[in-house]
Amino acid sequence: MRLALGKLQSVATLKVAAPFRIFHSSVILICGLRYGQILEKCRPTWINSGALIAGCINAIGLVMVGNFQVDHVKSLHYIGAGVAFPAGMVFVCLQCILTYKVAVSLLDHWTGHIRVILTILALISLVLSILPCSTLPKHLAEEQCYL
């Protein structure tokens, strides 16, 4: 697996315009591999299918963020970010549920605990980044808001 991804990335560095396409393909590849991994361990579920769809939507949003820079096409960049971050959070939350669903050993359960902690931290940071500067305390607003 690592060798295949390493080869894919080394081929991508040879092309000038390929990094965004390869990144997009890598995200979809990882989503597809995780989907297949869960299918091997349990029967098909709507959670697994939803995670695959959310991961693909996340990849599309990431391509928009990467291809439309904020300096040139601000609206499309922000639309891509608005698609990528929530879809990524849905993907990660569904993967946490699936981790517990297919857990067999104690190590699998600990992996689930770590995923949940990291997901909660990511969700908190996403919510704090969305909040407008007027809702922040005054001393934080002066440091964080440049408007």
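What follows is a short tutorial dialogue on reading the features of a predicted model.

Q: Let's start with the fold. How many helices and strands does the chain have?

A: Counting the elements is a good way in. Here the chain has six helices and zero strands, so from the N terminus on you read α-α-α-α-α-α.

Q: And what share of the chain counts as buried?

A: Of its 147 residues, 27% count as buried. As for the outside, the accessible surface comes to about 10200 Å², and carbon and sulfur atoms account for 72% of that.

Q: Which contacts tell me about links between distant parts of the sequence?

A: Take the contacts between residues at least 6 apart in sequence. In this chain, 55% of them join residues at least 24 apart.

Q: Now the interior. Which residues make up the largest nonpolar core?

A: The general idea comes before the case. In soluble globular proteins, nonpolar side chains tend to be buried together. In this model the largest nonpolar core has 12 residues. Val27, Cys31, Ile38 and Cys42 are among them, and so are Ile47, Ala51, Ala54 and Ala59. Phe91, Leu94, Leu98 and Val102 belong to it too.

Q: Which helices supply at least two residues each of this core?

A: That would be α2 (19–41), α3 (46–67) and α4 (74–101). The largest share, four residues, comes from α3.

Q: Can we zoom in on one core residue? What is Leu98 in contact with?

A: For a question like this, set aside the neighbours within four places in sequence. Leu98 then contacts Arg34, Ile38, Thr45, Ile47, Asn48 and Ala51. Ile38, Ile47 and Ala51 are also on the core list.

Q: Asn48 turned up there. Is Asn48 buried or exposed?

A: Asn48 sits in helix α3, and it counts as buried because its relative accessibility is 2%, with the cut-off for buried being under 20%. Beyond four places in sequence, Asn48 touches Tyr35, Ile38, Leu39 and Leu98. You can also check a C-alpha pair: Asn48 and Ile97 are 49 residues apart in sequence and 9.4 Å apart in space.

Q: Where is Ala54, and what does it touch?

A: Ala54 is another residue of helix α3, buried at a relative accessible area of 7%. Leaving out neighbours within four places, Ala54 is in contact with Ala87, Val90 and Phe91. Its C-alpha atom is 9.0 Å from that of Pro86, a residue 32 places away along the chain.

Q: What about Asn58: buried or exposed?

A: Asn58 lies in helix α3 and is buried, with a relative accessible area of 12%. Its contacts, not counting residues up to four places away, are Ala84, Ala87 and Gly88.

Q: What is the relative accessible area of Ile60?

A: For Ile60, found in helix α3, the value is 47%, so this residue is partly exposed. The C-alpha atoms of Ile60 and Gly80, 20 residues apart along the chain, are separated by 7.6 Å.

Q: You listed cysteines in the core. How many disulfides does the structure hold?

A: Zero. Cys31 shows how to check: the nearest cysteine sulfur, that of Cys56, is 5.5 Å away. A disulfide needs the two sulfur atoms within 2.5 Å, so Cys31 is in no disulfide. At 5% relative accessibility, Cys31 counts as buried.

Q: Last one, on the surface. Which residues make the nonpolar surface patch?

A: Ile120, Leu123, Ile124, Val127, Leu128 and Leu131 make a nonpolar surface patch of about 500 Å². To place it on the chain, look up one member: Leu128 lies in helix α5, residues 106–130.

Notes: Residues numbered from 1 in each chain as written. Predicted model: local features only at pLDDT ≥ 70, side-chain atom pairs only at ≥ 80, totals over all residues. Heavy atoms only, no water. Core = buried A, V, L, I, M, F, W, Y, C linked by side-chain atoms within 4.5 Å. Buried < 20%, exposed > 50% of the residue type's maximum accessible area, 1.4 Å probe, protein only. Contact = heavy atoms within 4.5 Å. Areas by Shrake-Rupley, 256 points an atom, 1.4 Å probe, with all protein chains shown as cover. Patch = residues over 30% accessible without salt bridge, like charges linked within 9 Å, V, L, I, M, F, W, Y side chains within 5 Å. Salt bridge = Lys/Arg side-chain N within 4 Å of Asp/Glu carboxyl O.
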